[in-house]
Amino acid sequence: MPLLLALPLAVVLMLLVSLALWPLAFYLRLRASAMRRQLRGWALALQLGSALASALLLLLMAAVAGQWWQGALAWAGGGLAGGVLLGLGARLLARVQSLPAGLFVTPSRAVAWSLLALVLVRVIAGLWQSGQVWLAGGSWPATGWLSHAGLLGMAALLVGHAVGTGLWQRHEWRRHLRVHRLQ
C-alpha cells in the first residue's frame with residue numbers, strides 16, 4: 001500500500017520542483033540569449049533545418065486540428081508569418097561582427113525579453129483557461145487569442161521566429177564566407 005501512495009506523491013513532488021525551478025530556468029535562458037556567440041556553418045544548417053521541420057509539422061498539426069478548432073490553420077499560418085518577420089527584424093537589433101577568426105553575433109536583449117514575455121503569457125493563459133474549464137465548469141473560448149487556435153498561433157510565432165533568425169544568420173554566414181575568401 002505505501003508503494004501505491006509513493007507514485008502519486010513522487011509525481012506531485014516532481015511537478016512542484018519543476019515549478020520552483022522555472023524562475024531559475026528563465027533567468028539562465030535570458031542570460032544566455034544575449035551573449036556573444038560564434039556562428040558555425042554546420043550548426044546554422046542544423047538550426048535552420050530543424051526550425052523548418054518544426055514549422056512544417058506545426059502547420060500539418062494545425063491543419064488536422066482545424067477539424068476541431070475553428071481557424072487553427074489561419075492562426076498558425078499568421079503566427080508563423082509574423083514570427084518569421086520578427087526573426088528577420090531581430091537582425092536590426094543584433095550586433096554582427098565579421099572577423100577573420102569567425103562570425104560573431106550578439107542578439108538583442110529586448111527581443112529575448114519579449115519572447116520570454118510571450119512564452120509566459122501563453123503558459124499563464126493556458127493554465128488560466130484550463131483552470132476555468134476544470135474547476136469552474138466553464139468552456140474554452142471557441143474564438144480569439146485565448147482559444148486553442150489562438151494559443152497555437154502564439155506557439156507558431158515562436159517557431160517562426162526561429163525560422164527567421166536562422167534565415168538571416170545563414171545569410172550573414174554566407175556573406176562572411178564570401179568576404180573572407182576574397183581577402
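Here is a short chat about a predicted model, covering its sheet, a helix pair and its largest pocket.

Colleague: Let's start with the sheet; in what order do its strands lie?

Modeller: There are 3 strands, and the sheet they make is open. Their pairing is antiparallel. Reading across the sheet, the order is β1-β3-β2.

Colleague: Which strands stand at the edges, and why is one side of each left without a neighbour?

Modeller: Each edge strand has a single partner strand, so one side of it has no neighbour in the sheet. Neighbouring strands are also turned against each other, by 30° on average if you ignore direction. The strands standing at the edges are β1 and β2 (95-99).

Colleague: How many bridges join β2 to β3?

Modeller: These two strands form a hairpin, with 2 residues between them. Within the pair, R95 stands opposite T106 in β3. The strands run antiparallel, and the number of bridges joining them is 5.

Colleague: And on the β1 side, which residue of β3 does L39 stand opposite?

Modeller: β1 pairs with β3 (residues 102-106) in the antiparallel sense, over 3 bridges. Look along that pairing for L39, and in β3 you'll find L103.

Colleague: Now the helices: are α1 and α4 roughly parallel or roughly antiparallel?

Modeller: Their axes are 9 Å apart, and the helices pack at an angle of about 155°. The crossing of α1 and α4 is right-handed. An angle over 145 degrees counts as roughly antiparallel, so α1 and α4 are roughly antiparallel.

Colleague: On to the largest pocket; how much space lies in it?

Modeller: Rolling a probe the size of a water molecule over the atoms shows where empty space is left. For the largest pocket, that space comes to about 690 Å³.

Colleague: Which element gives the most to the pocket's lining?

Modeller: The lining has 27 residues, and R29, S33, R37, L115 and H161 lie nearest the pocket's centre. Elements supplying at least two residues each include α1 (2-33), β1 (37-39) and α5 (148-182). With 6 residues, the one giving the most is α5.

Colleague: What class of residue makes up 17 of the lining?

Modeller: The lining also has 7 polar and 3 charged residues. The class with 17 is nonpolar.

Key
Residues numbered from 1 in each chain as written. Predicted model: local features only at pLDDT ≥ 70, side-chain atom pairs only at ≥ 80, totals over all residues. Heavy atoms only, no water. 1 Å grid on protein atoms, 1.4 Å probe; cavity = no way out; pocket = protein on both sides within 12 Å on 5 of 7 lines; lining within 4 Å. Points joined across faces, edges and corners; volume = space filled by probe spheres on them. Helix = DSSP H or I, 4+ residues; strand = E, 2+ residues; numbered from the N terminus. Nonpolar A, V, L, I, M, F, W, Y, C, P; charged D, E, K, R; others polar. Pairing = 2+ DSSP bridges. Axes fitted to C-alpha atoms, helices over the stretch in contact; angles between N-to-C directions. Parallel < 35°, antiparallel > 145°, perpendicular 65-115°, else oblique. Left-handed = near helix turned anticlockwise from the far one by under 90°.
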